[in-house]
Each structure stands twice: as C-alpha cells, then as structure tokens.
Amino acid sequence: MPRYEFRCRACGDTFEVNRPMTESADPASCPQGHADTVKLLSTVAITGRGGGFTPSPGPVASGGGGCCGGGCGCG
C-alpha cells in the first residue's frame, strides 16, 4: 500500500499515512488532531534484486592520443 507524507500547518509536524491510491487526494489529520494539513511531494526509491533495467556500458576509448583518446580513429 502506498505511503503518503503530510505536514501539519498548525504544529509543523510531518507524518506519513498508508492508504490506497484511490484515497491519495483525501485530507488527513495530523497525529495531534489538527485538520489543516498539506500533502508533500516525496521521492520514490525502489530497491531489490529484480530483473530491472541494467544500462549497458558505452563505447570504450582505446589509447593512442588524438582529440578523444584514439577511439574514433582521429589520431
């Protein structure tokens, strides 16, 4: 279930709420009971050992001088 972060405008407390995505826009009261809260934008970090995207390495320049190390044959 997604976790949403809120900040209370009355006391300044920051808190998280777990709720379904269908309820993501619903208001949330802070743990102190204040209703004047705002939903914060947060970053998502997904880690694990899944079969995710692995970028392939770019071209490898060989030695030899020139303007770019000789990888393009300019030197």
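**Group meeting: salt bridges, core and a buried arginine**

Good morning. I begin with aspartate 36, which counts as partly exposed at 40% relative accessibility. Please keep in mind throughout that this is a predicted model.

Where does aspartate 36 lie, and what does the residue pair with? Aspartate 36 is in the loop between S2 and strand S3, which spans 37–39. Aspartate 36 forms a salt bridge with arginine 9, and the closest N and O atoms are 3.5 Å apart. Arginine 9 belongs to the loop between S1 and S2, so this pair links distant parts of the chain, 27 residues apart. Arginine 9 itself counts as exposed, at 51% relative accessibility; the cut-off for that class is over 50%.

How many salt bridges are there by this rule? The count comes to two. The other that I shall describe joins the side chains of glutamate 16 and arginine 3, again at 3.5 Å from N to O. Here, too, distant parts of the chain are linked: glutamate 16 sits in strand S2 and arginine 3 in strand S1, with their positions 13 residues apart in sequence. Arginine 3 is exposed, its relative accessible area being 53%. As a general remark, side chains of opposite charge can pair when their charged atoms come close.

Let me now set these elements in the overall fold. The protein has zero helices and three strands, and along the sequence the pattern reads β-β-β. Of its 75 residues, 13% count as buried. Among contacts between residues at least 6 apart in sequence, 26% join residues at least 24 apart.

I turn next to the interior. In soluble globular proteins, nonpolar side chains tend to be buried together. The largest nonpolar core in this model consists of seven residues: Tyr4, Phe6, Cys8, Phe15, Val17, Ala28 and Cys30. Two elements each supply two or more of them, namely strand S1 (3–8) and strand S2 (14–18). Strand S1 gives the most, with three residues.

Within this core, phenylalanine 6 deserves a separate word. Leaving out residues up to four places away in sequence, phenylalanine 6 touches Asp13, Thr14, Phe15, Val17, Arg19, Asp26, Ala28, Thr37, Val38, Lys39 and Leu40. A search of the whole structure finds one aromatic pair. That pair is formed by phenylalanine 6 and phenylalanine 15, which are stacked, with 5.7 Å from centre to centre and 15° between the planes. Both of these phenylalanines are buried.

One of the contacts of phenylalanine 6 is Arg19, and this arginine is my last main topic. Arginine 19 is found in the loop between S2 and S3. What is the nearest side chain of opposite charge to arginine 19? It is that of glutamate 23, 4.7 Å away. Arginine 19 is buried and has no salt bridge, because a salt bridge requires a nitrogen and a carboxyl oxygen within 4 Å. Backbone oxygens do come within reach, however: that of glutamate 23 lies 3.1 Å from a polar atom of the arginine 19 side chain, and that of proline 27 lies 3.5 Å from such an atom. Beyond its neighbours within four places in sequence, arginine 19 is in contact with residues including Met1, Pro2, Tyr4 and Asp26.

Finally, alanine 25 also lies in the loop between S2 and S3. Alanine 25 is exposed, with a relative accessible area of 73%. Its C-alpha is 9.7 Å from that of tyrosine 4, while the two are 21 residues apart in sequence.

Thank you for your attention.

Definitions and conventions:
Residues are numbered from 1 along each chain as its sequence is written. This is a predicted model: local features need pLDDT of at least 70, side-chain atom pairs count only at pLDDT 80 or more; totals for chains, interfaces and linings use all residues. Side-chain values use heavy atoms; hydrogens and water are left out. A nonpolar core is a set of buried Ala, Val, Leu, Ile, Met, Phe, Trp, Tyr and Cys residues joined through side-chain atoms within 4.5 Å. Buried means under 20% relative accessible area, exposed over 50%, partly exposed in between (1.4 Å probe, protein chains only). Helices (H or I, at least four residues) and strands (E, at least two) are DSSP runs, numbered from the N terminus. Contact means heavy atoms within 4.5 Å. Rings of Phe, Tyr and Trp (its six-membered ring) pair if their centres lie within 6.5 Å; planes under 30 degrees apart count as stacked, over 60 as edge-to-face and the rest as tilted. Lys and Arg count as positive and Asp and Glu as negative; His and the chain ends are not counted. A polar contact is a pair of N or O atoms within 3.5 Å; within protein, one must be able to donate a hydrogen and the other to accept it, and residues adjacent in sequence count only if both atoms are side-chain atoms.
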